[in-house]
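Q: I have a model open and want to learn how to read it. Where do we begin?

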Amino acid sequence: MNSSGLSLLSAHLPVAAAADGLLERLPLTLRDTFVQWFPAPTQWLLHHLISIVGILAIFGLFFAFTTVAERKLLGRLQNRLGPNRAGVPKFSFLPFHLKHKLFGLTQPFADAVKALTKEDIVPAAADKLLHFLAPVLVVAFSLLTFAVLPFGRNLIPVELDAALLYFFAAGSATELTIFMAGWASRNKYSLLSAMRALAQVISYELPLLLSVIPVVLVAGTLSTQEIVVAQGFWTFGLLPHWFIFTPWGAAGFLLFLVAALAESNRSPFDLPEAESELIAGHLTEYSGFKYALFFMAEYFGLTALSGLGVTLFLGGWQAPCAFLQFIPSYLWFMGKLVGMIVFFIWVRGTLLRLRIDQLTRLSWQFLVPLALINLGNAAFWALTGAWSGPLQIVRWAVSAALIVVPFVLMGRSLTRGQAPRTYRYAT
Amino acid sequence: MSAADLSPFNSPFAAGTAGPSVRAVKDPFHGDLLEVSMGPQHPSTHGVFRMVVTLDGEIIVKLKPVFGYLHRNHEKIAENTSYLGSMPYTDRLDYLCSMTTNWAYALAVEKLAGQAVPDRAQYLRIIMAELTRLVNHSCLVGFLFNDLGTSFTPLLYAFREREKILDLFESLTGSRMMCNYQRFGGCRVDPTPEWLAAASRLVDNFPRFLDEYETMLTGNEIMLARTQGVGVLDAAKAVNAGITGPCLRASGYNYDVRKVDGYGFYPRFDFRVPLGAHGDTYDRYMMRVLEMRESVKILQQAFRDLPAGPIMDPKSKLRGFRPKAGEAYGRTESPKGELGFFLVSDGSPNPYRYRVRPPTLINLTLLEDMCLGHTIADSVVILGSIDIVLGEVDR
Amino acid sequence: MLGSGIIKGLAVTAKNFVGSYHDPARMVTEQYPEERPKLPEAYRNFPFLVTENATDPMGTLRCVACQICEKECPPQCIYIEKSKDKKPDATGKPQLYPAVFAIDTSVCMSCQICVEVCPFDAIKMDQVFEVAATNRFTGLLLNREQLAKPNSYFHQIHPTDAHEVDTRLAAERKAAEEKAKAAAAAKAAAAAAKPATPAPATATPAAPKPAAQPPTPPTA
Amino acid sequence: MESLEQIRDRLLARFPGASVTLVINPGAAAEHSLLLGAAHAVEMARFLRDDPALQLDYCSNATGLDWPDKEIVETKKLSVADPAGGPAKIVEEKTKRFEPGYLEAVYHLYSMALRHGPVIIRLRTGNRTDQVTLPSFTPIWRSCDFQEREIFDLFGIVFAGHPDLRRILMWDEFKDHPMRKDYVDPDDYEWEPTPHDRVLERAKAHYPVPPPAPAAPVSPTPEAKP
């Protein structure tokens with residue numbers, strides 16, 4: 001982030017500036033001290049390089065521990081222990097019970113070694129170039145989206161005015177790589193998966209965008225940092241003004257969750273790699289490190305979308321209460337991000353997969369109309385911003401009704417004819 | 001059902017072709033059809049089973065099941081082994097329910113030899129068979145949800161309960177799955193009172209698991225959308241194709257060999273047969289759940305009424321067993337359908353002809369009819385709801 | 001309402017998540033190499049041969065090489081060769097013994113039929129399940145020396161069964177001794193000049209189990 | 001349900017010229033069966049399925065049986081009147097009779113609608129080599145579909161009128177029919193030094209260069225069993 005942007009932000013934020021403690025500024029201070037050792041003309045480049053390296057390092061590790069956390073969480077959801085074997089046997093200074101196992105936390109590194117040392121198999125009939133490019137591009141595209149996420153009060157890699165547009169442009173490119181992978185593999189399962197991926201991206205790009213637009217409408221900006229700033233108020237210093245705590249925001253968040261699940265190919269929308277039908281979908285013909293790259297990209301995409309959800313609806317890096325601001329903002333962001341990911345894992349541990357026609361029908365017949373209604377709802381909310389006193393209650397009631405009634409009615413029509421049944425018995 | 005209007009095949013199968021033919025592609029908006037070989041190595045074919053599927057987009061226009069990847073000629077092995085020696089091999093037919101396969105074989109041999117079975121053994125057989133039904137059905141509903149795309153959660157809950165029953169089997173018979181428990185004229189070991197108490201406690205707690213399981217899944221909207229109206233099986237067609245067991249009853253046809261033949265001591269027990277109305281995958285799933293609840297009832301009655309006494313008929317012979325020349329067909333209601341054994345004796349220690357009537361192979365007869373017009377995702381669910389075990393299909 | 005079933009499902013998995021930390025009925029995992037599984041007494045794996053005496057296992061094998069188990073074994077994994085000579089068994093009666101007794105455990109299917117048909121209680125099921133070998137053929141082909149395990153070991157793994165077997169054998173031996181005594185007395189009384197021949201035939205059990213008796217129940 | 005004799009009589013009355021024989025099962029089960037002549041078998045099967053009193057709508061089990069050729073030595077005792085007028089002399093006359101074998105298909109029919117059964121019907125081929133065609137019951141009971149394919153595969157009975165008669169359990173290129181009594185299993189087994197070396201001997205004979213014996217066996221590998 002360049003310094004002018006920073007000063008601009010600080011000017012907008014008297015409260016925030018006051019709360020900028022030593023910890024809050026620590027990442028920036030570290031960066032600035034490091035950069036000062038170099039000649040001035042190279043400093044801007046170093047600024048960006050440090051951002052990139054920081055994101056790669058932090059989210060690389062985050063990815064690694066997400067995989068092990070997912071496996072352990074899923075294990076516990078399923079009454080198993082999950083991976084708990086991989087450890088660090090040489091670290092003799094650790095207490096005994098940690099020495100050998102370390103709760104399995106070194107599992108991702110063992111996995112990485114395994115993925116790196118596995119043979120890279122490319123089918124003879126495959127389109128070699130595309131087959132190689134797909135995993136490379138998928139990681140590249142999924143990393144691009146991190147550029148506009150505000151990780152903390154002062155931590156945003158690139159301050160863009162149209163950050164949201166950039167985010168969706170970069171994010172939806174990953175689906176193209178899935179198509180590349182599926183097409184290039186010359187495998188029928190991969191091909192089916194590629195087609196599904198395309199159908200899915202076309203269907204879910206729209207509700208994802210439509211669920212975000214109300215935020216833009218109310219906040220009046222496309223900049224992610226400013227959207228977070230717009231949520232930085234508290235009633236009585238306790239109740240945060242996050243968008244999720246408004247009727248349209250809650251609805252928007254739910255729509256966003258569903259669409260994000262679909263965009264990141266997570267259960268229950270993991271159709272492109274539907275294990276029970278398509279073996280591994282577009283990943284069928286990938287092995288070793290290329291497979292690991294796809295895996296990584298999937299988690300990067302999930303993390304980025306979770307980060308966006310945190311930014312747009314959960315107040316970004318804002319603390320939930322005014323007096324909790326002493327905790328650095330980036331920790332709040334990470335905490336919320338972890339919460340989102342845990343929720344995604346929980347959903348994955350519970351739900352089953354939709355069929356492709358049901359998936360698209362859910363999008364076009366349910367999510368898109370509901371998101372459009374929610375857009376009107378947000379417009380109503382923005383127009384009635386001046387209402388106060390008893391009118392405030394009316395505003396809340398109307399807004400809630402505007403979203404709950406269509407949800408119930410459309411939900412009923414969507415699930416028409418499908419209900420648990422009662423059965424007769426013969427004796 | 002009137003037999004006259006039961007035209008053998010409502011599908012183009014009747015026209016003498018090898019199954020429904022691939023739809024002719026005429027309009028330019030439909031491209032080529034895609035032929036996918038699902039299996040023998042596929043996560044959802046429940047073993048080494050193969051479906052050659054022709055797809056139009058994701059819609060199945062043709063499906064041919066291919067068998068034999070696990071064929072070991074079980075029948076030939078049995079014809080070269082003594083009657084007793086085939087008993088452990090029947091464990092491996094349907095490796096999820098060795099107790100019921102054991103019983104079916106013992107039943108056929110007892111019929112062939114005119115062997116009596118003491119009361120206590122009859123009760124024990126029913127206890128084992130119904131415990132096996134719990135094992136099989138809980139496995140099935142778990143696997144079905146895996147086919148539906150859960151990340152193993154329902155399967156592992158089901159396996160957790162199955163594990164407890166398998167522990168019981170292990171402490172009684174010495175083996176978890178390959179029980180080898182039944183003998184001609186009785187059972188091999190007598191359970192202790194502690195074992196019976198533990199089993200009874202387990203059975204009493206089983207409905208709690210079922211309730212939790214149903215809360216989790218039976219009302220789930222995605223589950224309803226995925227299974228209701230999928231793979232509908234018409235009752236008349238099912239009867240003609242020899243579909244038996246829960247698949248038939250899901251179509252609403254009341255036929256349970258436990259009731260019809262009343263083998264063993266089943267007529268002494270009070271239980272009901274759940275019947276479906278639609279014959280779709282959801283009904284087939286619910287039949288399993290409801291049958292488990294009925295099995296719990298049977299088990300509770302069996303534990304209550306279990307008589308004392310010997311577990312083997314004194315006239316039964318372990319070695320040198322030579323039934324008189326003749327033949328017999330014994331059939332039982334195994335958890336998967338009607339399991340029959342057809343035995344021909346020529347008076348020698350080995351059966352002259354030993355034939356297994358495998359329920360799952362015959363239940364697969366209508367797999368294609370059930371899958372046509374559905375998507376590839378549905379085909380694995382339909383296959384899962386039929387409940388096949390390849391050890392039995394291929395023998 | 002749409003979504004209620006999904007929320008119920010999420011609640012159930014959450015309940016299981018919490019339960020997995022405190023409810024042993026939900027968390028059934030055993031951490032195998034550290035936690036040894038508690039094998040039930042009835043557990044069976046591969047057969048072994050019972051010897052009376054741990055110090056002289058080959059001399060006190062109960063097996064008399066009658067080859068019944070070899071005949072009855074469904075997968076035909078037992079191979080026996082009879083000895084040419086006879087050795088006195090535990091009761092002092094001269095018996096044949098297996099010169100070669102091999103079990104191919106890669107073929108054995110742990111069905112316990114050999115145990116059930118053995119009239120001498122000479123072959124029993126072991127509980128050792130860690131039988132990995134580096135060679136599929138020779139490593140899993142167990143010979144007489146590897147198969148022989150003392151009666152005390154049998155007592156250790158199947159106490160109930162072993163106790164029953166010992167009581168029965170003791171009774172049989174006593175009966176046999178008394179019979180032999182009676183026979184000797186009778187012979188002495190008859191004062192026959194011809195030398196006494198060993199009473200039992202080669203491979204006939206001293207007192208075979210009644211055929212109708214059910215096989216030995218291994219559970220407690 | 002009617003007795004088998006009644007069913008036989010009704011079938012004979014309904015289908016003049018057809019052959020229906022009662023086959024007695026001497027065993028304890030006493031499940032007797034009807035042997036149908038192949039010529040009218042399909043019509044008779046359809047009659048059995050559609051007859052309102054029988055309604056045998058469910059074919060539970062269809063299987064094959066192989067009865068190989070037999071050479072039967074019959075001993076006849078003849079009393080030959082002594083021409084001398086003495087007591088009749090009993091002479092034993094031995095006749096060798098060659099009984100040709102045949103393949104048999106057995107169907108176990110039940111009625112699901114009326115809940116009775118089984119009615120067992122059998123069909124026999126002319127011999128075991130060239131006259132092995134039987135009519136298929138698959139158009140009557142579809143449950144015979146896979147089972148008749150299995151009989152074709154394992155016994156070699158050809159079912160005329162079966163819509164899709166292919167091998168089902170064995171692979172398509174397989175030549176013989178393994179469930180026949182005279183089937184000789186191939187000798188190209190995997191080489192396994194097991195004590196039961198009947199297989200081993202044949203494998204050795206099959207492969208021109210037998211693989212080397214395992215080095216340093218742990219146990220004294222027993223000699224080949226004679």
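A: Begin with confidence, since this is a predicted model. Chain B has an average pLDDT of 84. In that chain, 92% of the residues score at least 70.

Q: Where in chain B does pLDDT stay under 50?
A: Over residues 1–26. The model still has 47 contacts beyond four places in sequence for that stretch. Where pLDDT is low, the predicted coordinates should not be read in detail.

Q: How do I read a helix? What span does helix H3 of chain B reach, and what is expected?
A: Compare the end-to-end distance with the expected value. H3(B) covers residues 98–113, 16 residues in total. From first C-alpha to last, H3(B) reaches 22 Å, close to the 22 Å expected at 1.5 Å a residue.

Q: Is H3(B) mostly covered or mostly exposed?
A: Mostly covered. Of the 16 residues in H3(B), 14 are buried.

Q: What follows H3(B)?
A: B:Gly114 does, and its phi is positive, near 65°.

Q: Now phi outside glycine. What is the phi of A:Asn265?
A: Near 55°, a positive value in a residue other than glycine. A:Asn265 sits in the chain A loop between helix H11 (247–263) and helix H12 (275–278).

Q: Why does A:Asn265 count as buried?
A: Check its relative accessibility against the cut-off. Buried means under 20%. A:Asn265 has 7% relative accessibility, so it counts as buried.

Q: And D:Ala30: where is it found?
A: In chain D, in the loop between strand S1 (20–23) and strand S2 (33–36). D:Ala30 is not a glycine, yet its phi is positive, about 50°. Apply the cut-offs again: partly exposed lies between 20% and 50%. D:Ala30 counts as partly exposed because its relative accessibility is 39%.

Q: Next, pockets. What volume does the second largest pocket have?
A: About 1,400 Å³. There are 49 residues lining this second largest pocket. Closest to its centre are A:Thr67, A:Arg71, A:Tyr291, A:Phe295 and A:Tyr299.

Q: Which helices of chain A each supply at least two residues of that lining?
A: Helix H4 (43–77), helix H6 (107–117), H12 and helix H13 (288–313) do. H13(A) gives the most, with nine residues.

Q: How do the lining residues of the second largest pocket divide by chemical class?
A: Into 22 nonpolar, 14 polar and 13 charged.

How values were computed. Residues numbered from 1 in each chain as written. Chains lettered and ligands numbered in written order. Predicted model: local features only at pLDDT ≥ 70, side-chain atom pairs only at ≥ 80, totals over all residues. Heavy atoms only, no water. Helix = DSSP H or I, 4+ residues; strand = E, 2+ residues; numbered from the N terminus. Buried < 20%, exposed > 50% of the residue type's maximum accessible area, 1.4 Å probe, protein only. pLDDT = per-residue confidence, 0-100. Contact = heavy atoms within 4.5 Å. 1 Å grid on protein atoms, 1.4 Å probe; cavity = no way out; pocket = protein on both sides within 12 Å on 5 of 7 lines; lining within 4 Å. Points joined across faces, edges and corners; volume = space filled by probe spheres on them. Nonpolar A, V, L, I, M, F, W, Y, C, P; charged D, E, K, R; others polar. Expected span 1.5 Å × (residues − 1).
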